[in-house]
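Dear colleague,

I am handing over the structure below, together with an account of what was found in it. Please read the text with the coordinates open beside you.

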Amino acid sequence: MSDFFDGATSSKWQASFQRDGFLYIPGFLSGSEVGAAINRLDTLILDKVPSMPPEQAFYEDRDDPSTLKQIQSLYDHHTYFYDMMFGSRFEALAALLLNDRVVGRNMQYFNKPPRIGQPTPPHQDGYYFMLEPNEAVTMWLGLETVDEENGCVRYVRGSHRKGMRSHGRTGVLGFSQGMTDYGRPEDHAQEVFFRTSPGDLLVHHALTIHRADGNRSTSRTRRALGFIYYAKRAQEDTVAKMTYQQKLADELRAAADIKG
Ligand SMILES: O=C(O)CCC(=O)C(=O)O
């Protein structure tokens, strides 16, 4: 049992996650905790992001810093984020839901800038993770109010029990692989979405089909943090993964060079 959560709450969360392949926890962080995270992020964005290599910071338009959409491996950039990722409530929740010790693998910043924030294509994270068994969770922490207008997250309930679907290139930076056969009647019938407040947490299994809307708002951003944890029992195909990541990094560098 976790030091962070009581027994009844833990059992309820585990049952819900196993049944649906996702879990919604309102108010996982308090208002002041969210405020502190936003302050740290804003400082990082000002001080460090401008000099990050192309594979660490993604923009909708690389020539316009206000269109920042993603930062990778936040824990490498400040101990504040390291402490959020490791030995934290987030890590304890991942261990509870995966019923194993866990390995923290990525902590990301996600934004969808107003008007131009692209939809997140339907995908299963396990396609990128390359694990056997495909046992991992992704957590998504809302930093501001999110709804249908600025890009809420959508899940296909129960899809984590139905295996990996076919994926191919999307052309969307940060989500380069998406499902090629999304849109079967059962996908639509089982899709649910979440309007979230700052501090609300969504967690999904590596095989859960999910996507997010684009940001149609003219003035609201859509800022969130993502946490990825693998179950200790999950083995990575390290060669396939390194080859894939190297290819992506080369493509990003080539695109940055072309733009000068
Ligand atoms: O922030 C989003 O749009 C979705 C994030 C997501 O799909 C993921 O982390 O796997």
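In what follows, helices and strands are DSSP runs, a helix having at least four residues (H or I) and a strand at least two (E), and they are numbered from the N terminus. Please keep in mind that this is a predicted model. With those names in hand, proline 133 can be placed in the loop between strand E6 (131-132) and E7, and the peptide bond leading to proline 133 from glutamate 132 is cis, with omega near -5°.

Overall picture

The protein chain contains seven helices and 15 strands. Its C-alpha trace spans about 55 × 40 × 35 Å along the principal axes, and the radius of gyration is 18 Å, which agrees with the value near 18 Å that a compact globule of 260 residues would have. Of the 260 residues, 37% count as buried. Among the contacts with a separation of 6 or more, 82% are between residues 24 or more positions apart.

The two sheets

One open sheet is built from seven strands in the order E1-E12-E7-E14-E4-E3-E2, with antiparallel pairing. Strand E1 (22-25) and strand E2 (57-59) each have a single partner strand, so they stand at the edges with one side left without a neighbour in the sheet. From one strand to the next in this seven-stranded sheet, the twist averages 15°. At the E1 edge, four bridges connect E1 to strand E12 (residues 201-205) in the antiparallel sense, and leucine 23 has valine 203 of E12 as its bridge partner.

A second open sheet has four strands, also paired antiparallel, in the order E5-E13-E8-E11. Here the edges are E5 and strand E11 (191-193), and because each has a single partner strand, one side of each is left without a neighbour in the sheet. The twist in this four-stranded sheet averages 20° from one strand to the next. E5 and strand E13 (residues 210-212) run antiparallel and are joined by two bridges, with threonine 120 standing opposite alanine 212 of E13.

The helices

Helix H1 (residues 7-20) has 14 residues and reaches 20 Å from its first C-alpha to its last, close to the 20 Å expected at 1.5 Å a residue. Just after H1 comes glycine 21, which takes a positive phi of about 85°.

Helix H2 (residues 31-47) has 17 residues, and its reach of 24 Å between first and last C-alpha is close to the 24 Å expected at 1.5 Å a residue. Which residues of H2 are buried? They are Val34, Ala37 and Leu41, and because they cover an arc of only 65° around the axis, they lie on the same side of H2. These buried residues pack against E4 and E14, whereas the other side of H2 carries the exposed residues Ser32, Asn39, Asp42, Thr43, Leu46 and Asp47.

Helix H4 (residues 89-98) lies across strand E4 (102-111), strand E7 (136-142), E12 and strand E14 (223-231), and runs at about 120° to E4.

Individual residues

Two residues other than glycine deserve a look for their backbone angles. Arginine 115, in the loop between E4 and strand E5 (120-123), has a positive phi near 70°; it has 14 other C-beta atoms within 10 Å and therefore counts as partly exposed, since that class lies between exposed, at 12 or fewer, and buried, at 20 or more. Methionine 130, in the loop between helix H5 (126-129) and E6, likewise has a positive phi, of about 60°, and with 17 other C-beta atoms within 10 Å methionine 130 is partly exposed.

Glycine 226 is located in strand E14 and is partly exposed, with 18 other C-beta atoms within 10 Å. How many residues separate glycine 226 from tryptophan 140 in sequence? The two are 86 residues apart in sequence, yet their C-alpha atoms are 4.6 Å apart in space. Leaving aside residues up to four places away in sequence, glycine 226 touches Met107, Gln108, Phe110, Thr138, Met139 and Trp140.

With best regards

Key. Residues numbered from 1 in each chain as written. Predicted model: local features only at pLDDT ≥ 70, side-chain atom pairs only at ≥ 80, totals over all residues. Pairing = 2+ DSSP bridges. Axes fitted to C-alpha atoms, helices over the stretch in contact; angles between N-to-C directions. Contact = placed C-beta atoms within 7 Å. Expected span 1.5 Å × (residues − 1). Arc of directions from axis to C-beta. Rg over C-alpha atoms; globule rule 2.2 N^0.38 Å.
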